[in-house]
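Me: I have a structure to go through. Please take my questions one at a time.
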Amino acid sequence: PKDGNEKGFTALIDGKADEAKATKCITAMAEKSGQKVEVKKTGNIVTFMPAGAGSDESINASWLPSGGILITMGDAARMQELLDGKNTLKENKILMDLMAKVDTSATIWGVGDMSAMGSMGQNMDLADEPPTAMYGTVKYGKTLEASIGLRFAGEASAKAAADKLNKEIK
């Protein structure tokens, strides 16, 4: 769909990350957890797919000229549409709303629409339902400041997640 509200995980992260180092890190982390990840590069899209999984479980990343990273989940064609300007993040109401919640001048910031992650989003195990979106800012200067927000479809899930996180932090 061209309305920017297509279902699928979409994230935009701003910060300086080296593509080769990030790829190596992602595959090493997967192997450390006992998973194999197949890495395929097509043009300026790097696709990470769990070995034996279908394309709907793949994660696509593209390092943007601005230094940011665009991430989508599923078919790489959706990522290519975004990169080609056939579909834009500006049309994605969820992401644009989240952009207002981050400091885009920070060292690293990111926003993510998690509404269609399905079982992958449930790995967070914070509430009865997975978060529908997340956003965060990291500022590094004389001190390190981090702010991360999660959005849930229902108030009960948001409260359950907050209670669980507050308990773990203490």
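Me: What pLDDT does the chain average?
Reply: This is a predicted model, and its chain averages a pLDDT (the predictor's confidence in each residue, from 0 to 100) of 80. A score of at least 70 is reached by 88% of the residues. Local features need pLDDT of at least 70 and side-chain atom pairs count only at 80 or more, while totals for chains, interfaces and linings use all residues. Residues are numbered from 1 along each chain as its sequence is written, and side-chain values use heavy atoms, leaving out hydrogens and water.

Me: Where does pLDDT stay under 50?
Reply: That applies to residues 1–6.

Me: Which residues make up the largest nonpolar core?
Reply: That core has 12 residues, including Leu12, Trp109 and Val111. A nonpolar core is a set of buried (under 20% relative accessible area, 1.4 Å probe, protein chains only) Ala, Val, Leu, Ile, Met, Phe, Trp, Tyr and Cys residues joined through side-chain atoms within 4.5 Å. Among the elements giving two or more residues to this core is β6 (108–113); strands such as this are DSSP runs of E, at least two residues, numbered from the N terminus.

Me: Why is β6 largely enclosed by the rest of the structure?
Reply: 5 of its 6 residues are buried, so β6 is largely enclosed.

Me: Which way do β1 and β6 run?
Reply: β1 and β6 run antiparallel, joined by 5 bridges; two strands pair if DSSP finds at least two bridges between them. Leu12 stands opposite Val111 of β6.

Me: What is the bridge partner of Val111 in β7?
Reply: The partner is Tyr135. β6 and β7 (residues 133–140) pair in the antiparallel sense over 6 bridges.

Key
Contact = heavy atoms within 4.5 Å. Buried < 20%, exposed > 50% of the residue type's maximum accessible area, 1.4 Å probe, protein only. Helix = DSSP H or I, 4+ residues; strand = E, 2+ residues; numbered from the N terminus.
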